[in-house]
Structure formats: structure tokens, C-alpha cells
Amino acid sequence: MRITDTTDLWWKSAVVYCLDIETFYDANGDGVGDIEGLTDRIDYLADLGINCLWLMPFYPSPDRDDGYDIMDYYGVDSRLGNHGQLVELVQIAHDRGIRVIADLVVNHTSDQHPWFKASRKEKDPEKNPYRDYYIWRSDEPGDTSDQVVFPDKEDSIWEKDPKTGEYYLHHFYKHQPDLNLDYPPVVEEILRAMGFWLQLGFDGFRVDGVPFLEQKPENADPQYAVDPHKFMKSLRDFMSWRNGSAMMLGEVNMTRSDQLKFFGGEAADEMQMQFDFITMQAMYLAMAREDAQPIVTALNSRPEIHRSCQWAMFLRNHDELTLDKLTDKQRQEVFDAFGPEKDMQVYDRGLKRRLPPMLGGDPRRVKMAYSLMFALPGTPTLYYGEEIGMGEDLEAEARMAVRTPMQWSAEKNGGFSTARPSRLVQRTVPGAYGPEHINVLAQQHDPDSLMSWIRRLIQIRRSCPEVGWGKMTVLEHDGGKSVLAHRLDLDDSSVIAVHNLSADPTTVQIPTAGQFEDPHITDLLTHESPEIPDGGRLTVTLDGYGVQWLRVRQAGHLAIP
Ligand code: NOJ
């Protein structure tokens, strides 16, 4: 690898941070977070060390799906601010070394989008140029209840429109009609919107709902079958023509072979990054069992991807913690361990919780979980508030439980807003995980806080290209099934990470030599250099939920460890 690779393919060495502007920081005191508020806190993010900011949808929206129901692809929700402020935000972020990506939600629009309003007016495409922007059928669809994404709200992916008596397709809520991505004018509209945001300085997109781009619902007229790869290649071509270093990060919760296709296979001409949903779910199963094997199995199932592509690692995001890729029995194990109550579960497949409460608030276990996420091959992605260990509001509806205001201080509204609490976009988390107990101010300068730990992990991760670029080997050891020891090799350097998933302390003998004749080791957390005994097996002592990060190079190597 050349050092220039770390900038040309910047996403492979990035640390991503996701937030929703409306819940981050409210600068004008109206109860809703805004762009000016986020701009004010850019230095906070720079201090944390992240270098890619993913903004959840900020477009005008009736807000029936928290902004994922867009009614203008060129607009900015006026509650959040305006285009001028958004451009300033991007400018300042860039100055601090932070790239900014926007959510690109093109599977569907809101039913309030002018295209849909026009589409439903007249069913004859000859008379209505917008009719084919969406997917309509005249015959009765039959039972599609097994295809809906939100079973608590919908029982069909088709909705009858009283105006024309025809049905339109919607994989998500009925107020989110699916766009017809096989219709050239729609593709043109999407490219134009992407070009707009790229021109304003955005560095790429997080692509929403990729599995649903393939519009082949059962019983649908074959004329509506969309080739999602043809579509994705058009987005990638266009994006790269406009901005050669822009990146697309896909929400592709699919099988490994489908994921490989959305990377563009050997041609690597679709999305550069995808979230690794399979490993994420395996991490919870592994933590529940205190057994590293599910993680090894998940990593081994990854297909070989092109060197320009990358997996995004995550433990939580703004949606339910989906456990859909586990078997029913495995899912039940995770439910039993981390969300046994009915009000913690959602959609029969996931949990509406954040990580620390799931782990019983044990700081050692929480720190271990994040260390593991940062050490597994890929690019770590944080969801706002994870750095301080925020919890959830179980009384909030479904996924809203994990979308509460950022907790800056122990002040009123957690320092998020000066508005009356009743005016807040959403109430702050009540109880033990509320701002009185968990907040930035209390943790920022405390060397033992979770925030200091995350900042440290970010520093280590950003100085270890081995993790994003290296070849991973799972190391054999004698420390029991709860220990994962793995090595990441890149050129003349290796990183060895050891994680104990159990509360019981253990001692592990790990081989250190790898590719080196005379290995020299640096402990990346303590900066000490343990002696390696003859035979090259190092004894690592791990506390319950203990972790170890070691860098190995040939003795005499002049690189700064
Ligand atoms: C995926 C997003 O992550 C989720 O929050 C949203 O509800 C659906 N797409 C529909 O837009």
C-alpha cells in the first residue's frame, strides 16, 4: 500500500459519525436541533477524531418516517436552517479534516412529493408525464403481508389509490411510494439531485434501503422489474464523473453474494462501502454467548472484495438493532440476553435499545465491545451519543427510542436546547441513562470515561492502516472460547488485537512472530514494549472483558509505533 492510498481511498481509513441534525444541538432555542447548532459543535467532533460525518436526511419532509419521507430532493428542512448554513457547515467540516456525506433516499419519496401528487392525478401516461415515476398496477395484488418492512403498521406493499382505483407499490410505509427506478426520467432526476449536493461540497452518500431497489414484488407486472445493478452503476458512474473521490456507503442488509454484487464484484463499479450487518449481528450473538466463534464465522463468510471497497463496522444505528440474519433460536438467545422484555423488542426481529443498557451498563463490557468494533477489519461507524454511552427511551414509539436528543451536560434538556422541555423535538432519555448521569461535559476531561476511551480508539484506529487495509488472520490460542485474538498484516507491520468476551479474567499465549524474524512489540494502549520470550509466544493477561492492542514490527524499524 502506498501512503497516497489512504487519501485516494479515504473511506478505508476513516472513522464515520452519524447524526440527525434535529437531535444534535439546538442553537436558536426552538426545541429542534439545527444546522447552526451542528456547526457550533464541529470542533467537538474534530476533537473526538472522527473524519467522516454522515448526515441523516435534512430535506423538507412531512416527517412521518423521521425525514426518510422526502418531498424535495433539493431542499433543506426550514426547521433546521437553509442552504447557506449547510454550505457553511460543509466548509467548516472540511477545514477540520471531516468529510460530509448525505443520506440518499431514492427507493421512495413521500406521498407529499410533487411527483407523486402529479402521478396520482391521471392514469394514462400519455396524458400524465409523472404517472410512470411510480409503480402502478390495476389488478388486485393478493396477499403481500410477508413482504412488508414495518409489520406493526402495514399489511401489504400495495395501496389502492382512490383517485384512479389503481394500486401503487410501497415497500415501506404506505405514505412512501416506491419510485420507478427503471424509468429514465426518474434516474435522471436522481442523478441531478446527486450532482446538486456534490456541487455544494458533499463528499458522497449513504444509500438508503438498497435491498428494495430491486423492484420485483411477487405478482407485479414484469414490466416493472428493475435491475438494481444497472441503476447503481449509473449512480456510481455519474458520482465519480462529478467528484472522483466521492464515496457511496450502502445500507445493504443482504446475503454475502448479494453484497458482493452491490460492490460491483471484480469491477468494483457500484458502491465502495457497505455496512456489515452480518458481522454486527454475530457480535451480539458472540457477546450473548461469551463465545467468539460467531464473529469468526461471520468474518469468514465475507466474500473477497476489491481493494478499493470496504466494510463499515457498526454496533448501533438509528434503526432497530436488527437480528434478522440470525436463526430464530440465535435471535432468541440475543433477546434473552439483551432485551427480554416485550417493550424492548420491535418488528419481531430486533431491539429498540442502545448498547450500554443492553450490556447492563458494565463499563468494562461496553469498552470491550467498542474496542472490538474498532479492531475488526473495516471502517468503524458511530451513531451520535455512542461515545458517551447514551441509553434509550423505551416509552418512545419503536425506533424513536434511540433517537433522543444528544446529552451535552446535566443542565436542563441535557444542554441540547434552551426551549421549554415540552417544545423539544423529542424528550431526553429519562432515568439512569438521562443527561444528569450521562453527558459530554462530565466525560470530556475524565481520562477513565467512555468518551476518552472512544477518543483513544479513534486515535489508534486512524494510526493503524493495518485494520482498514490489512489481511486478517484469526490466531490460535489456549485462552478459551471467549477470547478472540486476531492479527492484521499490512506490508511490514502488523496489529494484534485480543478481546475477552467474558467477565472471567484469563491468560492467553499468542504467537507474535507472524512475518517477522525478530519481532518488536508495542502495546498501543500503554506504549510499553513487552519482551518476547524465545519461541515468540507472548503471554497476555486479560481482565474480565479485557482488551489488548499490540503492534508488531521487525526490531529496528524506525516507524513511530
Ligand atoms: C432505511 C432507514 O434506515 C430507515 O430509518 C427508514 O425508515 C427506511 N429506510 C425507509 O426510508
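# A guided tour of the predicted model

Begin by selecting Asp-63, which sits in the loop between strand 2 (52–55) and helix 4 (83–95), where helices (H or I, at least four residues) and strands (E, at least two) are DSSP runs numbered from the N terminus. The model is a predicted one, in which local features need pLDDT of at least 70 and side-chain atom pairs count only at pLDDT 80 or more, while totals for chains, interfaces and linings use all residues. Residues are numbered from 1 along each chain as its sequence is written, and side-chain values use heavy atoms, with hydrogens and water left out.

**Two residues with positive phi**

With Asp-63 still selected, check its backbone: phi is near 65°, a positive value in a residue other than glycine. Asp-63 is partly exposed, with a relative accessible area of 32%; buried means under 20% relative accessible area, exposed means over 50%, and partly exposed is in between, computed with a 1.4 Å probe on protein chains only.

Move next to Asn-413, in the loop between strand 14 and helix 14 (440–444). Asn-413 is not a glycine either, yet its phi is positive, at about 55°. Is Asn-413 buried or exposed? With a relative accessible area of 8%, Asn-413 is buried.

**A polar contact in a loop**

Select Thr-144, in the loop between strand 4 (136–137) and strand 5 (158–160), and display Ser-156 with it, since the two side chains make a polar contact at 3.2 Å in this model, and Thr-144 is itself buried, with a relative accessible area of 1%. A polar contact is a pair of N or O atoms within 3.5 Å; within protein, one must be able to donate a hydrogen and the other to accept it, and residues adjacent in sequence count only if both atoms are side-chain atoms.

**The nonpolar cores**

In soluble globular proteins, nonpolar side chains tend to be buried together. A nonpolar core here is a set of buried Ala, Val, Leu, Ile, Met, Phe, Trp, Tyr and Cys residues joined through side-chain atoms within 4.5 Å. The largest such core has 150 residues, and those with the most contacts inside it are Tyr-17, Leu-45 and Leu-55. Select Leu-45 and, leaving aside its neighbours within four places in sequence, look for its contacts (heavy atoms within 4.5 Å) with Tyr-17, Leu-19, Phe-24, Leu-38, Ile-50, Leu-53 and Ile-98. Apart from the largest core lies another, of 14 residues, among them Val-483, Val-540, Leu-550 and Val-552.

**Three buried residues in helix and strand**

Leu-382 belongs to strand 14 (residues 379–383) and is buried, with a relative accessible area of 0%. Its C-alpha lies 7.8 Å from that of Val-15, although the two residues are 367 apart in sequence. Beyond four places in sequence, the residues in contact with Leu-382 include Val-16, Tyr-17, Cys-18, Tyr-370 and Ile-458.

Ala-193, in helix 6 (residues 184–199), is buried at a relative accessible area of 5%. Not counting residues up to four places away in sequence, Ala-193 touches Tyr-73 and Tyr-74, and the C-alpha atoms of Ala-193 and Gly-75, 118 residues apart along the chain, are separated by 9.9 Å.

Leu-484, found in strand 16 (residues 483–490), counts as buried at 2% relative accessibility. Among the residues in contact with Leu-484, with neighbours within four places in sequence left aside, are Ala-292, Ile-295, Leu-372, Val-474 and His-499.

**The two pockets**

A pocket is an open set of points on a 1 Å grid over the protein atoms alone, where a 1.4 Å probe fits, with protein on both sides within 12 Å along at least five of seven lines; lining residues have an atom within 4 Å of a point. Grid points are joined across faces, edges and corners, and a volume is the space filled by probe spheres set on the points.

To find the largest pocket, select Val-149, Phe-172, Pro-211, Phe-212 and Arg-349, which lie nearest its centre among the 32 lining residues. This pocket has a volume of about 730 Å³, and its lining divides into 10 nonpolar, eight polar and 14 charged residues. In this division, Ala, Val, Leu, Ile, Met, Phe, Trp, Tyr, Cys and Pro count as nonpolar, Asp, Glu, Lys and Arg as charged, and the others, Gly among them, as polar.

Finish at the second largest pocket, which holds about 580 Å³ of space. Of its 22 lining residues, Arg-302, Pro-377, Gly-470, Lys-471 and Met-472 are the closest to its centre. Strand 15 gives the most to this lining, with four residues.
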